[in-house]
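The following note is offered to a colleague who has the model at hand. The points are numbered so that each may be checked against the coordinates in turn.

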Amino acid sequence: MATADANPPSSDPVSETIVELRGVHKRFGDLEVLRGVDLKLRRGEATVVIGESGAGKSVILKHIVGLLRPDRGAVYFGDERIDQANERRLAKIRPRFGFLFQMGALFDSLTVGENIAFPILAHARTRPPDLDQTVARKLRMVGLDGTQPKHPAELSGGQRKRVALARAIARDPEVILYDEPTTGLDPQRADVINELIRKLQRELEVTSIVVTHDMASAYKVADRIVMLFQGRFIFDGSPDRIRECPDQRVRDFVEGRAGEDVLRSLRNIEV
Ligand SMILES: Nc1ncnc2c1ncn2[C@@H]1O[C@H](COP(=O)(O)OP(=O)(O)OP(=O)(O)O)[C@@H](O)[C@H]1O
Ligand SMILES: [Mg+2]
């Protein structure tokens, strides 16, 4: 029988797998967060991960880039096992990923231009001669060329997210991971981010994985949606299919309803 260790992902020319999680288990103390997660990201596709707060969505992204290692199971990038790579090897692989962190996480003391140059300089021996042009090009992609001298504090929340996105693509990644890219934005600004995700998907031909609570965003950017529930994926399919999915746990999430177990526990609370 095939084991998680023995079989690197096969390369199917039609839908080549670029990232794979196979049987990933992860616990923190008594809390079992991932209980055998299987996921294949196909090259060029945008996969959206949904699931309630605390389900383990950010934990999944951190496994993909090697910031966390599974207790059991395997994580592949191409045919290489990320979860067994040492820090030196990971430092080589990480530029192939662009990570838009949940909190945005720009450096407040640096200008916008310096924020975008940062990941480029961190991995270069000398300052690339075309650095300014590269920074301008990345900012142009998110519609913010010209903001180089500003500080993050001078920008709106939506603009800061776009700068963080320009920084995530600074090193021409093959895979972009977005952790809650629209959280905290009003619907119109959120839609600008959704449009940018689609645009980068088209123009850079990247593979995207987008974690979100926001179903409007999920429908807009997803080629495929997966839903995490109690440590495993309980849905994997197209946006059209999730609209018709009869599973009550999926319906409750998609329609923004409290689940029956939550309602039951609320009935027992005295106010
Ligand atoms: N490094 C860590 N140490 C201990 N517990 C952790 C760690 N990282 C995550 N957890 C726990 O694992 C669970 C899943 O966390 P995770 O951040 O992946 O949730 P999430 O699905 O991204 O939630 P949200 O939608 O609120 O961002 C949470 O209960 C969290 O407290
Ligand atoms: Mg999270």
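1. Helices here are DSSP runs of H or I with at least four residues, numbered from the N terminus. With that convention, α1 supplies the largest share of the shell around ligand 1, namely three residues. The model is a predicted one, and the remarks below should be read accordingly.

2. Which residues are the closest to ligand 1? They are Ser53, Gly54, Lys57, Ser58 and Gln102, within a surrounding set of 14 residues. By class, this shell is made up of five nonpolar, six polar and three charged residues.

3. Polar approaches to ligand 1 come from both backbone and side-chain atoms. An oxygen atom of the ligand lies 2.8 Å from a backbone N or O atom of Gly54. For Ala55, a polar backbone atom is 3.2 Å from an oxygen atom of ligand 1. His213 takes part through its side chain, an N or O atom of which is 3.2 Å from an oxygen atom of the ligand. Taken alone, ligand 1 exposes 630 Å², and the protein buries 63% of that area. Two elements, β2 (31–42) and α1, give two or more residues to the shell around the ligand.

4. Helix α1 spans residues 57–64 and is mostly covered, with seven of its eight residues buried. The buried residues are Lys57, Ser58, Val59, Ile60, Leu61, His63 and Ile64. Lys57 and Ser58 are also among the residues closest to ligand 1. After the helix comes Gly66, which has a positive phi near 75°.

5. Is Gly56 buried or exposed? Gly56 has a relative accessible area of 9%, and the cut-off for a buried residue is under 20%, so Gly56 counts as buried. Gly56 is placed in the loop between β3 (46–50) and α1. Beyond its neighbours within four places in sequence, Gly56 is in contact with Val33, Leu34 and Leu228. Gly56 also illustrates a long-range relation in the chain: Phe229 is 173 residues away in sequence, yet the two C-alpha atoms are 8.8 Å apart in space.

6. Leu228, one of the contacts of Gly56, has Phe233 in β10 as its bridge partner. The strands concerned are β9 (residues 224–229) and β10 (residues 232–237), which run antiparallel and are joined by five bridges. Two residues lie between the strands of this hairpin, in which Gln230 takes a positive phi near 45°.

7. Strand β7 (residues 175–179) deserves a separate look. Five of its five residues are buried, and β7 is therefore largely enclosed by the rest of the structure. Val175, Leu177 and Asp179 point one way, while Ile176 and Tyr178 point the other way; residues on both faces are buried.

8. What strands are joined to β7, and how many bridges are there in each case? Strand β6 (residues 97–100) runs parallel to β7 and is joined to it by four bridges. Within that pairing, Leu177 in β7 has Phe99 opposite it. Strand β8 (residues 207–211) also runs parallel to β7, with five bridges between them. There, Ser208 in β8 is the bridge partner of Ile176.

9. A second arrangement is an open sheet of four strands in the order β2-β1-β4-β5, with antiparallel pairing. β2 and β5 stand at the edges with a single partner strand each, so one side of each has no neighbour in the sheet. At the β5 edge, strand β4 (residues 72–77) is joined to β5 by two bridges, and Tyr76 has Arg81 in β5 as its bridge partner.

10. Arg81 also links this edge to Asp83, since the side chains of Arg81 and Asp83 form a polar contact of 2.6 Å. Asp83 is found in the loop between β5 (80–81) and α2 (87–93). Why does Asp83 count as buried? Its relative accessible area is 12%, and buried means under 20%, so Asp83 falls in that class. Leaving aside neighbours within four places in sequence, Asp83 is in contact with Arg69, Pro70, Gly73, Ala74 and Val75.

How values were computed. Residues numbered from 1 in each chain as written. Chains lettered and ligands numbered in written order. Predicted model: local features only at pLDDT ≥ 70, side-chain atom pairs only at ≥ 80, totals over all residues. Heavy atoms only, no water. Buried < 20%, exposed > 50% of the residue type's maximum accessible area, 1.4 Å probe, protein only. Polar contact = N/O pair within 3.5 Å; in protein donor to acceptor, adjacent residues only side chain to side chain. Contact = heavy atoms within 4.5 Å. Near = heavy atom within 4 Å. Areas by Shrake-Rupley, 256 points an atom, 1.4 Å probe, with all protein chains shown as cover. Nonpolar A, V, L, I, M, F, W, Y, C, P; charged D, E, K, R; others polar. Pairing = 2+ DSSP bridges.
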